[in-house]
Amino acid sequence: MKSPVHRCRDVEHGRGQGAAGTVTSYLQAEQRIPISKDFITSSSASAMWFIRDACGIVCAVITWFLVFYAEFVVLFVMLLPSKNLIYSIINGALFNVFAFLALASHLRAMCTDPGAVPKGNATKEYIESLQLKPGQVVYKCPKCCSIKPDRAHHCSVCKRCIRKMDHHCPWVNNCVGENNQKYFVLFTMYIALISLHSLIMVVFHFLNCFEDDWTKCSTFSPPATVILLIFLCFEGLLFLIFTSVMFGTQVHSICTDETGIEQLKKEERRWAKKTKWMNLRAVFGHSFSLLWFSPFTTPDHGKAETYQYVV
């Protein structure tokens, strides 16, 4: 039984080779066969991508501001005034590396094309140029007038159809889709790590200051130091919980090869089932290495693969 999403899709169906060679519209999704996604889409992952959404831009700015606030408190309130030089160097280097990777991952997640389908290509002339064989079908989005492969959904904020769209995240001002899911997962992981690291350092700082004179624990006054640390503690705890949950749901979504939208709509699985390891490799890269944890490498998302349908 088809879901409402599949029943409502406009479908362009290639008929037999008629005299005029025309293409007729049908709503018969049962007759679909495998069609390569590269056959009807073109990659624009290398082009600059930025969503002009006021809410998303504000959320992205707030994200960077909170990271820089944590950076300020960690360095100037806790580490630089510390008498233990080795402790300050190790924790300062570790925190700054994770913070840098978190911001780099955020930037890549925000400025990478998540897998947008070419807009406005669902024209009669273009569909005829595809020379569809009998039994082949392509889906047409009525909102952005694009031909979209299976597992693509339309985003009302991006105003585009996104391949393997998981959800639209205002904190990265972008959709999380096929091309940028790795960067979003890394972003949540590194934010969770710096949140946990900052909370641990706050606890040690409070313990040391209770045993010593508060005036010697920081270059700021004791009341200002306590306020800054409390705000950092609240921020770290909040983002540790939020990003840890997001990281867990994203990893689960990758391992099960089912996006958040597909889980929410309970869409019928019509694509080939793969192992968890194969699904992880499809997102992070084809061979496990430290590059999996780098936001500066672009993984191969299996662009030559063909979408598999179960009929």
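The following paragraphs describe the overall make-up of a predicted model and then three of its local features.

The protein chain contains nine helices and eight strands. Of its 311 residues, 48% are buried, and the surface that the chain exposes amounts to about 15900 Å², of which 68% is supplied by carbon and sulfur atoms. Among the contacts in the chain with a separation of 6 or more, 72% are accounted for by residues 24 or more positions apart.

Strands β5, spanning residues 152-155, and β6 pair in the antiparallel sense, with four bridges between them. In this pairing, His153 stands opposite Ile162 of β6. The hairpin formed by the two strands has four residues between them, and in this hairpin Lys159 takes a positive phi near 60 degrees. Strand β6 itself covers residues 160-163, with Arg160 and Ile162 pointing one way and Cys161 and Arg163 pointing the other way. In general, side chains in a regular strand alternate between the two faces of the sheet. All four of these β6 residues, Arg160, Cys161, Ile162 and Arg163, are buried.

A second feature concerns the surface, where Leu196, Ile200, Val203, Phe204 and Leu207 make a nonpolar patch of about 450 Å². One of these residues, Leu207, lies in helix α6, which runs over residues 181-211. The relative accessible area of Leu207 is 47%, and Leu207 is therefore classed as partly exposed, since this class lies between the limit of 20% for buried residues and that of 50% for exposed ones.

The third feature is centred on Lys83, whose place is in the loop between helix α3, residues 54-79, and helix α4, residues 85-111. Lys83 has a relative accessibility of 67% and so counts as exposed, because exposed residues are those with over 50% relative accessible area. Although Lys83 and Lys216 are 133 residues apart along the chain, their C-alpha atoms are separated by 9.4 Å in the model.

How values were computed
Residues are numbered from 1 along each chain as its sequence is written. This is a predicted model: local features need pLDDT of at least 70, side-chain atom pairs count only at pLDDT 80 or more; totals for chains, interfaces and linings use all residues. Side-chain values use heavy atoms; hydrogens and water are left out. Buried means under 20% relative accessible area, exposed over 50%, partly exposed in between (1.4 Å probe, protein chains only). Two strands pair if DSSP finds at least two bridges between them. Patches are made of residues with over 30% relative accessible area and no salt bridge: like charges are joined within 9 Å, nonpolar side chains (Val, Leu, Ile, Met, Phe, Trp, Tyr) within 5 Å. Accessible areas come from the Shrake-Rupley method with a 1.4 Å probe; for residues, only the protein chains shown count as cover. A salt bridge is a side-chain nitrogen of Lys or Arg within 4 Å of a carboxyl oxygen of Asp or Glu. Contact means heavy atoms within 4.5 Å.
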